[in-house]
Amino acid sequence: MAEEASSVQNLEDAPVKTAKQLEKEAKKQAKLDKFNAKKKAEKDEKAAAIPSATDKEPKKSKKPKSTAEEIIEDNTPPGMKKNLRTMPNAYNPKYVESAWYEWWEKEGFFKPEYKRDYDKPNPKGQFVMVIPPPNVTGSLHLGHALTNSIEDAITRWHRMKGKTVLWVPGCDHAGIATQVVVEKMLERQEGKTRHELGREAFTKKVWEWKDKKGSRIYDQLKRLGSSVDWDRACFTMDQKMCNAVTEAFVRLHKKGLIYRSKRLVNWSCSLKSAISDLEVEKVEVTGRTLFSVPGYTEQVEFGVIVSFAYQLDGGSGEIVVATTRVETMLGDTAVAVHPKDERYRHLIGKYISHPFLDRKIPIVADEMVDINFGTGAVKITPGHDQNDFEVGIRNKLDLITIFDDNGILTDNCGKFSGMKRFDARKAVMIALEELKLLRDVKDNPMFVPICSRSKDVVEPILKPQWYVKCEGMASKASQAVKNGDLKIIPDMHKKTWFQWMENIRDWCISRQLWWGHRIPAYFVTITGQPVGDKDDDKFWVSGRTMEEAKRSAADKFKVTEDSISLTQDEDVLDTWFSSALFPFSVFGWPQKTKDLELFYPGTLLETGHDIIFFWVARMVFFAQELTETLPFREVYLHAMVRDAHGRKMSKSLGNVIDPIDVIDGITLEKLHSMLEDSNLHPREIEKAKKGQREEYPEGIPECGTDALRFTLCDYTQQGRDMNLDVQRVHAKRKFCNKLWNLTKFAMKYLDEYESFKPEPLSSLGNRDSVQSFLKDHRIVSDPSADALCALNEFFMNRSYVNGWEISNEDFRLVKLVSSKSKSSNYPHLARWESHINSHMNIIPSWTSAEKPSHLSFKDRWILSRISNVVRLCNEGFEKYDFSLATKSIQVFFQEELSDVYIECLKPLFQGKLISDAAKVSCQVLYTCLDVGFRLIAPFMPYVSEELYQRLPRRDTSDPPSLCVTPYPEESEYTWDDPELESGFDQVKKIYETIRKSRATYQLQKGLKIKVYVKASREIEDLISKWKDVLMTLAYCEDVIVNQPPPEGCLFLTVSDMCECHIPLQGIIDLAKETSRMDSEIKDLTARIESLNKKMGAPAYLTKVPLRVRQEEAEKMKQYQSELTLKETALQALPKLT
């Protein structure tokens, strides 16, 4: 870039124009000639004939539109700055998003080292965040896209604020998910199981798969524009991460915070492993429902409750119990009743006989029983139900396990032994009926626990596992939030945080897998002594190495190392264990690395509220315990993404969307084919296809990365959940096109304005422009000699700070340099200081000194609006209210800059651009785009960079990329003028009223009309100031104020201080208008009646989705508003004669 700048400078200095310059001038002249010829032709055409407004214009033959988009290939070499010699006619996301990311990455803009010296602290501070590591197995979904859109916007904002910024990427090894994928691949390709292959060979296969497929996630993150430091990317199975996991386990075990115990776990019989609560999907059923369960040819019934009788010992009666899992009665070791239940108090302590097994079952008293639920008697199966397990512990019951790891009934189940669990369900029902013990079977609403990985029904099973003791850590984590040391945003999630901490349970961290961090715990066997119980924690030791573990065992059992044999636990740790270390393990902990010193603890943790306990809390636990500090200062929890109807994203519903499909677009046929390649059951595939046909009948249109990111950030206002409609994403693509067209419009006139060069902000009358000058020249409380030289040069050709009149800025600055400018080295500065001091008794007026006369009202208004947007955007980021920023930006570009300011510039720019007004407006327009693109850059990095790079620079020393260009600060842009904006709002009401009536009577946009306005003195003054704007935006030939209107005018009330009269006599055909409006009124009335009938149907509120009801309510409101408007217009027609 430096070489390019040098060559350009040499060309400018050369006395002889080059061939390239001559060619450019020739093209410019040809363009100017073409423009002048076109204007002359238009003028001649108007002079030839001015048709009556009532005459029908001959229909022009329309040139058929091409359905194919303009395709422009980007030929920029990878890693080089994009070639911008051509600009497509319309926004094309593929073209716009090409080349930039590779250049950003190559230039090191995303690294904290960029333009930084670590030995010198950054006075603006630093921002550090780690990514919630996605699973290595799959592709990103819209939840990931939301997370990364928000996180990247935050990161880019902090970077543009001048901070030292580090966003660390990473990927999770996803123990269960990855092992399942590779096991299926192994079976498909080689016809083998992992057990046939062996642990070491299987693990090698997983690494091969990871190296081949694992980069997909990172590629998708790059497509989303994530500005992470890729050189610091971490995979949770990297050696440094493994070292951190081992260190954490050993430290916590030695502290007594990790222990071994036999308890109930969530067991997947298909995976033959315990799974975490997060991997259990609770599927709600309202009654009898059939489920497809892995390993069963027939579907299994759920959603029923079975009542059966136990005979009292000795045959003296019976006691009836109910269950949704009747097969578990083979593991019953008690029946519980409430101690105060009079019906059963006499039975407490007695026994019942098991009908199929030689087992006496006691009747026990326990307060967990609800007297009013069912029969008031509850069967207790401590080995297969969490609540029953606790009852069993309290009452010292036997803990019987009746299922093995595969879900097969064990040898202690009598004639049912060897059956699969759900086959046994049917068999037990039949046997109970044969013994006449079956009392009832009825529908029962319930939740069925499904393993999200295997789709198997989860079975609670007793297993010896490793646990983390959480109570003490939870207390500290809770206190951190109460003290304000850890801030949770939004506040509503604090309640969830405290509930989790107060009701914390110890965390099971064992997983019966081969892929993952093998637990560094060893079972101890001592020569000459009996072998201990593997379920007993006292026979286990931990160590960073086996040698260390052996030393620990020798010390523990007071024996020599030679007499000890160690066997390492076969299990691996829960994936969440390594994730909980992520905020500091990524920086090399437990080693005291430079990165750990510089970047830990972090600033923010951003993630979805659904993992506040599974990940966020555990990071806080481990950080406080292992590093004695919080891992971050703030936690921002975003909403969950649902589909447009508010439904959870589910493959079986066909509403799970890959963000890349939204970015690139995808056909319905391709969506269907992706379902067929999935692991869904054929019935679920058909259900999903139906959902896709309903939701995306024409597929998903190409929207682009910027549109997706902007939409997701815009949705964050909805709270806990956001209902994402893909059509809204496509609407944001149109907004990108609006930005494109705005820039093309600006560049057209800036190019024609040959001498255009962006001037300092002070030229536009910024009230605090002196602050910018002081900042640019590092003039602080004690200005240096260099700063005084800069000021001396500044006042060489001007008398005041603002250049045209004395202002408060002069008085503020003179205090800074007082007595320092007397030296003969600074004659211009000394002259200025003397002059200002002689006027110290003057109080400059706001209107004369700080609102320069060369700015028109429309210029000042749009500058006031951009100042307001700067304030709102910064406020939005500071408060994590991203929709505040996105909405203010979009309103500015669409409704204010485009619909108002640009429209007002068109008549001005059609004249000669050498006029002073045009020159000033060019500067204002440039400033709006320059500031606007910087404001939107964190949300839309690609299109903002593309368009920003096409604009000229104010200063040749500006940063090379928008990524590292300063974000607009409120203190820099202080054109805000509430009084002016209030006046414009009154004018806006007038032109909107006129435009609405024009639309009602279908007046062509090109037809200029006169408008007579009766208004108060205040409104009359406003119209006088804003007349050119009002005429342009209302498409008026003239606006005549407080003069009698002619006959045949349409009367419009704007407010109690203003009314408009529009002469329509002779302009519209009253008969045709009457007929047309009659027809439209009848049509609207019919639509309202039809919609009323539909909305009044008995089942409307229960059967019609909320989203549809909301849409139809909005449609009804629109119809009624249109009807009122049409009826009013129709009533006014006779008065126009």
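Helices H30 and H31 lie roughly antiparallel to each other in this predicted model. Their packing angle is about 170 degrees, and angles over 145 degrees count as roughly antiparallel. The two axes are 8 Å apart. H30 covers residues 857-878, and H31 covers residues 882-909.

The contact between the two helices draws on residues from both. On the H30 side, the participants include Trp-861, Ile-862, Ile-866, Val-869, Leu-872 and Phe-877, along with the charged residues Lys-858, Asp-859, Arg-865 and Glu-875. From H31 come, among them, Phe-882, Leu-884, Ile-889, Phe-892, Val-900, Tyr-901 and Leu-905, as well as Glu-896. By class, the residues of this contact comprise 17 nonpolar, 2 polar and 5 charged.

A second region to follow is a sheet. Three strands make up this open sheet, in the order S23-S22-S24, with antiparallel pairing. Strands S23 (540-542) and S24 (564-568) each have a single partner strand and stand at the edges, so one side of each has no neighbour in the sheet. On average, neighbouring strands here are turned by 40 degrees against each other, direction ignored.

Strand S22 spans residues 521-526 and is joined to S23 by 3 bridges, the two running antiparallel. Within this pair, Phe-523 is placed opposite Trp-540 of S23. Helix H10, residues 239-254, packs on the sheet and touches both S22 and S23. The direction of H10 makes about 130 degrees with that of S23, an angle that counts as oblique.

Note on methods
Residues numbered from 1 in each chain as written. Predicted model: local features only at pLDDT ≥ 70, side-chain atom pairs only at ≥ 80, totals over all residues. Heavy atoms only, no water. Pairing = 2+ DSSP bridges. Helix = DSSP H or I, 4+ residues; strand = E, 2+ residues; numbered from the N terminus. Axes fitted to C-alpha atoms, helices over the stretch in contact; angles between N-to-C directions. Contact = heavy atoms within 4.5 Å. Parallel < 35°, antiparallel > 145°, perpendicular 65-115°, else oblique.
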